[in-house]
Amino acid sequence: MADKFLYEQLDILSEWDQLDEKVSDSLKDNLNPKFQLRPYQEEAFERFFYCLKKNFPGKELPLHLLFNMATGSGKTLIMAGLIIYLYEMGYRNFLFFVNSTNIIEKTKDNFLNPESSKYLFSENIQIGTKKINITSVSNFEGVNENDINICFTTIQKLHSDLTTEKENTITYEDFKNKKIVFLADEAHHMNTHTKAQREMFESWEKSVERIFKQNNDNLLLEFTATLDYTNKNIIDKYRKKVLYRYDLKQFRNDGYSKDVYIVQADFEEKDRIIQALILSQYKQEVAAKNRINLKPVILFKAQKTIAQSKENKEKFHNTIESLSDKDIKRIKNKSDIHLIEKAFEFFRKNNITDRQLAERLQKEFDESRCISVNEEKEKENQQILLNSLEDEDNRIRAIFAVQKLNEGWDVLNLFDIVRCYTTRDSKSGKPGKTTIAEAQLIGRGARYFPFTTEDNNNRFIRKFDDDLEHEMRVLEELHYHSINDSRYISELRTALIEEGMIDENEVEKALKMKESFKQSELYNSGLIYLNESIINDYNYVKSFLDLGISKKNYEYKIPSGHGATGAILSDNGEIKEVIEPGRKDVKMKDIPLHIIRNAIAKQSFFSYRTIETFFPYVSSVRQFIELDEYLGGLEITFQGDPDDIYKLSNEILLKGLIGLLDHIENELRNNLKEYKGTKRFKTHSVSSIFTDKILKLIEGSERAKGDEKFVADKDWYVFNANYGTSEEKAFVRMLERQINKLKKKYDGIYLIRNERHFKIFSFSAGQAFEPDFVLFLKEKKGNTLTYQIFIEPKGKHLKEHDQWKQEFLKEITEEFKGKTLYFETHTKKHKYRLIGVPFYNNEDENEFKETLYKNIEN
């Protein structure tokens with residue numbers, strides 16, 4: 001363990017669920033609700049809580065920690081959350097420093113400007129009953145101790161201010177007798193001293209170390225996407241400081257970034273640019289068709305000089321000005337790239353002619369919609385446009401640059417990068433500096449553009465890895481346009497693999513329905529019944545009890561301020577008597593109305609809008625207070641000194657009420673279900689739900705082994721392969737041993753693996769569930785009843801975690817027990833029965849078989 005990094009030790013604790021402090025509602029509620037915390041962000045917080053409050057080998061004070069997290073993973077949001085948390089821990093002063101003025105201005109906007117689309121805090125920051133302000137300060141002298149005080153600076157300016165006395169700047173004196181949180185963004189720029197082991201007395205790092213070590217309560221929290229784990233000096237310095245390593249590869253594999261594709265073409269530069277424009281417009285048209293407000297941006301990257309970039313921009317405007325349908329036709333006829341062919345097929349189906357496409361491109365990429373950001377002056381003037389590219393009123397479609405955007409650029413709607421040069425700088429087949437910089441730029445540009453679909457409400461994660469041919473998949477891809485130079489492409493691919501943007505083990509697998517199934521009655525006229533998720537209207541709620549709020553008395557302990565020390569045992573060894581405090585039960589109806597209203601006013605959760613939403617039978621705040629079914633039926637037990645209990649002051653009553661309301665709010669948040677699943681299942685044609693797909697899998701993984709030979713001659717298995725888990729493959733083999741028995745009573749036996757084809761939604765909370773299989777069995781005799789059976793193989797280690805799915809499957813069986821669903825078409829009358837079978841497990845397969853037969857034989 002001694003040689004392990006801190007993050008590796010925390011990995012183990014996390015796996016064992018030993019990071020016991022979870023993210024509080026207070027922290028979440030004080031962040032902008034549009035930035036919902038992701039699992040890895042919550043993990044980052046939990047690791048910090050542990051390191052702050054627990055001892056660990058190598059821990060030193062003042063505490064210095066580093067978050068090594070991928071570009072685009074929301075490091076600034078984590079900073080905002082840490083500021084809230086540390087304010088509650090008594091910290092008031094925060095020093096934010098970086099290497100770039102550009103990042104300072106962007107972060108100020110994120111922290112201080114509530115009008116910004118990327119503002120990170122909630123509209124009103126409230127901790128306890130206090131409203132908190134965030135104040136930008138130039139130093140920490142005379143600051144308001146009730147505010148969050150943030151000093152924004154660059155590492156260069158900080159060093160200069162500390163070593164040169166000037167008015168209204170930070171000095172070493174500012175750091176005496178104050179506890180301060182140092183927030184260092186893109187911290188690798190700060191390590192000039194460590195990387196080269198140059199001993200400069202007043203180096204940047206030395207300046208930071210000197211002020212940091214003035215108080216053991218200080219905290220230095222560094223954030224970087226890149227840390228050189230091959231550098232011995234870096235390793236020695238940060239071994240006990242890196243609390244989390246969530247790199248770009250993990251970020252991408254978890255689905256939080258765009259996927260990167262290299263578009264290589266044997267075209268002159270002009271045609272490569274036109275092809276990139278066509279692809280960009282295709283993305284905009286696909287988004288518009290699916291009611292997504294997207295304006296995809298293209299970056300045109302020059303190699304080295306501003307003059308080259310200016311020349312690229314001039315050529316581009318000439319190309320746009322003269323663009324015609326002939327140019328579009330030329331690309332259509334010449335390009336053999338599958339994605340470009342898909343784009344033109346989309347245009348054809350949606351009646352967009354070549355001339356119309358040319359006219360749209362001329363309008364969309366008019367000179368007024370293009371900016372250049374090469375010189376510092378240009379960049380400052382365009383900063384607002386650059387930082388708001390996703391905003392609806394921002395019309396920019398194209399950006400021309402050399403190096404200025406290589407760091408600190410936060411944009412989600414960059415979808416294409418065009419490399420406007422053909423040179424390489426590799427040595428011995430290894431990527432050169434230019435190629436590595438290109439890969440890093442691609443990594444920064446691959447941030448995911450958030451959107452939802454009818455089937456997936458998670459805005460921030462890729463949705464079509466299991467259906468690469470889906471029309472909307474192109475909205476999850478960043479395309480890098482280059483010449484068709486195999487050596488350069490190989491070098492770039494190597495650099496992208498090292499950067500984490502491409503997984504070298506990824507393979508694409510074709511999932512196809514067998515032709516025999518496509519000729520079947522089930523495929524051509526059969527149905528599948530699926531339910532829907534709908535917003536919970538809470539019309540059933542007529543009291544607190546309906547939402548699980550207990551009527552047990554809330555206990556409020558009145559602080560007495562008294563204390564004592566002494567032995568627990570008396571001289572003769574007997575336990576000394578403990579004096580019991582006084583207790584008094586107070587009914588809500590006995591508390592003056594104005595005090596209750598005051599308490600409710602202090603709790604933002606209990607606005608009339610909230611009351612109206614969750615308690616629809618309450619018509620006013622007064623009713624909510626007075627009715628027995630709600631607050632009126634509750635009591636508070638006050639506990640404290642008899643003198644305080646005898647005559648409860650208004651202040652004590654108010655504090656007790658606030659405690660009660662906090663308790664009710666916590667119970668409500670834990671019990672509220674925003675959605676529910678309908679108990680009415682609607683019909684869908686089998687052919688509309690199940691389609692061929694291209695899947696993205698990891699070579700050598702269990703899923704990539706498709707069992708093609710085993711399923712090839714099984715006419716009852718619908719697809720050409722089973723890209724499932726080992727448990728799913730075991731289930732298919734078990735069912736194969738049952739087929740002869742099933743064929744005695746049923747025909748039309750078909751097992752279909754659900755490769756993200758459909759979802760069903762739990763009745764109680766509307767949780768989405770994708771059963772691994774659906775089995776169709778059609779009776780041979782009688783009224784040709786078809787059984788539709790949802791099946792979920794599950795390893796024992798996952799059974800407990802997914803218990804709600806097991807319960808839902810049982811609920812489906814109970815709900816439709818003895819019920820037949822009828823649906824009549826002009827050709828035939830359909831009769832179905834729905835069944836959910838408890839989890840299949842290879843070790844308990846006899847239990848599964850028994851339950852299956854019991855359900856279909858009843």
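In the predicted model, Thr135 stands opposite Asn149 in strand β6. This pair belongs to the contact between strand β5 (residues 134-136) and β6, which run parallel and are joined by three bridges. Strand β6 itself spans residues 148-154, and seven of its seven residues are buried. The side chains of Ile148, Ile150, Phe152 and Thr154 point one way from β6, whereas those of Asn149, Cys151 and Thr153 point the other way. Strand β2 (residues 93-98) also pairs with β6, in the parallel sense and over six bridges. Within that pairing, Leu95 is placed opposite Cys151 of β6.

These strands form part of an open sheet of seven strands with parallel pairing, in the order β5-β6-β2-β7-β8-β1-β9. Strands β5 and β9 (242-246) stand at the edges of the sheet; each has a single partner strand, so one side of each is left without a neighbour in the sheet. From one strand to the next, the twist averages 20 degrees. Towards the β9 edge, strand β1 (residues 63-69) and β9 run parallel and are joined by four bridges. Here Asn68 is found opposite Arg245 in β9. Helix α1 (residues 6-15) packs on the sheet and touches β1 and β9, with a direction that makes about 75 degrees with that of β9. Helix α3 (residues 39-53) likewise packs on the sheet, where it touches β1, β8 (219-224) and β9; the direction of α3 makes about 170 degrees with that of β9.

A further open sheet has five strands in the order β25-β28-β29-β31-β30, and its pairing is mixed. Its edges are formed by β25 (746-753) and β30 (821-824), each of which has a single partner strand, so one side of each is left without a neighbour in the sheet. The twist in this sheet averages 20 degrees from one strand to the next. Strand β25 pairs with strand β28 (residues 773-779) in the antiparallel sense, over six bridges. In this pairing, Ile752 stands opposite Val774 of β28. Helix α32 (residues 803-815) lies across β29 (786-791) and β31 (829-836), and runs at about 140 degrees to β31.

Antiparallel pairing is also found between strand β17 (residues 527-530) and strand β23 (residues 682-685), over four bridges. Ile528 of β17 is set opposite His684 in β23. Leu527 and Tyr529 point one way from β17, and Ile528 and Leu530 point the other way; all are buried.

Contacts between helices were examined next. Two packed helices are described by the angle between their axes and the distance between the axes. The axes of helix α11 (residues 269-289) and helix α12 (residues 306-322) come within 11 Å and cross at roughly 70 degrees. An angle from 65 to 115 degrees counts as roughly perpendicular, and α11 is therefore roughly perpendicular to α12. The crossing of these two helices is right-handed. In the contact, Glu269, Lys270, Ile273, Ile274 and Leu277 of α11 meet Asn312, Lys315, Phe316, Thr319 and Ile320 of α12. Of the residues in this contact, five are nonpolar, two are polar and three are charged.

Helix α18 (residues 433-445) packs with helix α19 (residues 486-499) at an angle of about 55 degrees, and their axes are 9 Å apart. The two helices α18 and α19 are therefore oblique to each other. The crossing of α18 and α19 is right-handed. From α18, the contact involves Thr435, Ile436, Glu438, Ala439, Gln440 and Ile442, while α19 contributes Tyr488, Glu491, Leu492, Ala495, Leu496 and Glu499. The residues of this contact divide into seven nonpolar, two polar and three charged.

A charged residue in a buried position is found in helix α29 (residues 726-736), which contains Lys729. Its relative accessible area is 6%; since buried means under 20% relative accessible area, Lys729 is classed as buried. When its neighbours within four places in sequence are left aside, Lys729 is in contact with Glu702, Arg703, Lys705, Asp707, Asn722, Tyr723 and Gly724.

Terms used:
Residues numbered from 1 in each chain as written. Predicted model: local features only at pLDDT ≥ 70, side-chain atom pairs only at ≥ 80, totals over all residues. Heavy atoms only, no water. Axes fitted to C-alpha atoms, helices over the stretch in contact; angles between N-to-C directions. Parallel < 35°, antiparallel > 145°, perpendicular 65-115°, else oblique. Left-handed = near helix turned anticlockwise from the far one by under 90°. Contact = heavy atoms within 4.5 Å. Buried < 20%, exposed > 50% of the residue type's maximum accessible area, 1.4 Å probe, protein only. Pairing = 2+ DSSP bridges.
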